[in-house]
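Me: I would like to learn how to read a protein model step by step, beginning with a single residue and working outwards. Could you take me through it?

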Amino acid sequence: MQRIYDDPQVGNVVVRKRAGVRRVSIRVSRSKGVSVTLPFMVSYDEAIRFYLSKREWVLKTMERHKEMAPDKTLSAQELEQLRRQAAEYLPHRLACLAQVYGFQYSALRLKHNRTNWGSCSSRNNINLNISLMSLPSVLRDYVMLHELCHLRHHDHSRAFHLLLEHLLTDHLLKLTDSAQSVASEKELASKIVRAAATSKARFPLDHVCSSLIRRYRP
Ligand SMILES: [Zn+2]
């Protein structure tokens, strides 16, 4: 149930009806573009009027995204370096997190794409993007914990989010407490915990981490 609104400056805006939502909302994503979600009760025209009333904000947000993460292509040498760093770090880190939280995955593959930071297949293979190496380590862990939780719940159900939120609570606490954490890591972890404490989101830690990660692109 969706319509496309063609905005001359923004491009195709996907206007989508969805069960369970209470109000019209707009999302601006670097990878997926702009989308409007609306409850079944609201007409498409009404949702598009709402979108047009917020259009300035959409344009500003898109502009900000561009400034934050310039779309830069890596040279072959930079790519090779990223691959090497990823191969040294990610398999070990994922194995550690899996061990701490009692997960077992079949295999890990390192990928390089522009669409996601990680994924988990129905056969319990985990894929991680080598661009994770350009993120702060706290956010890298966040992505890995997300994929590990998919080993138990292959969806984004409530059960999945409850598990992830539970692991994030534990993990971020460890990072803020541990003497081994580097200062910048500690600082970011406690910043996330503080922001989550005042957030009204259903899964506050996940919410804060996912908004932080949107500042980067794979
Ligand atoms: Zn997921």
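Me: In which helix is the place of Lys 186?

Reply: Bear in mind throughout that this is a predicted model. Lys 186 has its place in helix 6, which covers residues 183–197.

Me: How exposed is Lys 186, and how does one judge that?

Reply: One counts the other C-beta atoms within 10 Å, where 20 or more would make a residue buried and 12 or fewer would make it exposed. Lys 186 has 17 such atoms, and therefore it is partly exposed. Setting aside residues up to four places away in sequence, Lys 186 touches Leu 175, Thr 176 and Ser 181.

Me: Into which domains is the protein divided, and what distance separates their centres?

Reply: Domain 1 takes in 2–68 and domain 2 takes in 76–213, and the centres of the two, taken over C-alpha atoms, are 28 Å apart. For a single pair of residues, Lys 186 and Arg 49 lie 137 residues apart along the chain, and their C-alpha atoms are separated by 44 Å.

Me: How should I read helix 3, and where is its kink centred?

Reply: A useful habit is to set the span of a helix beside the expected one, and then to look for bends. Helix 3, residues 76–101, has 26 residues and reaches 36 Å from its first C-alpha to its last, which is close to the 38 Å expected at 1.5 Å a residue. Helix 3 nevertheless has a kink of about 30 degrees, centred on Ala 86, and Ala 86 is buried, as are Leu 90 and Leu 94. The buried residues of helix 3 are covered by elements that include strand 5 (107–111), strand 7 (125–129) and helix 4 (137–149). After helix 3 comes Gly 102, whose phi is positive, near 70 degrees.

Me: Which residues have the most contacts inside the largest nonpolar core?

Reply: In soluble globular proteins, nonpolar side chains tend to be buried together. Here the largest nonpolar core has 30 residues, and those with the most contacts inside it are Leu 132, Val 138, Tyr 142, Leu 145, Leu 168, Ile 192 and Leu 205. Helix 3, strand 7, helix 4, helix 5 (158–177), helix 6 and helix 7 (204–213) each give two or more residues to this core, with the largest share, 8 residues, coming from helix 4. Beyond its neighbours within four places in sequence, Leu 132 is in contact with Ala 86, Leu 90, Trp 117, Arg 140 and Val 143. A second, separate core of 9 residues includes Val 28, Val 34, Ala 47 and Val 58.

Definitions and conventions:
Residues numbered from 1 in each chain as written. Predicted model: local features only at pLDDT ≥ 70, side-chain atom pairs only at ≥ 80, totals over all residues. Domains from an automatic or database assignment. Helix = DSSP H or I, 4+ residues; strand = E, 2+ residues; numbered from the N terminus. Expected span 1.5 Å × (residues − 1). Bend = angle between axes of the 7 residues up to and from the residue. Contact = placed C-beta atoms within 7 Å. Core = buried A, V, L, I, M, F, W, Y, C linked by C-beta atoms within 7 Å.
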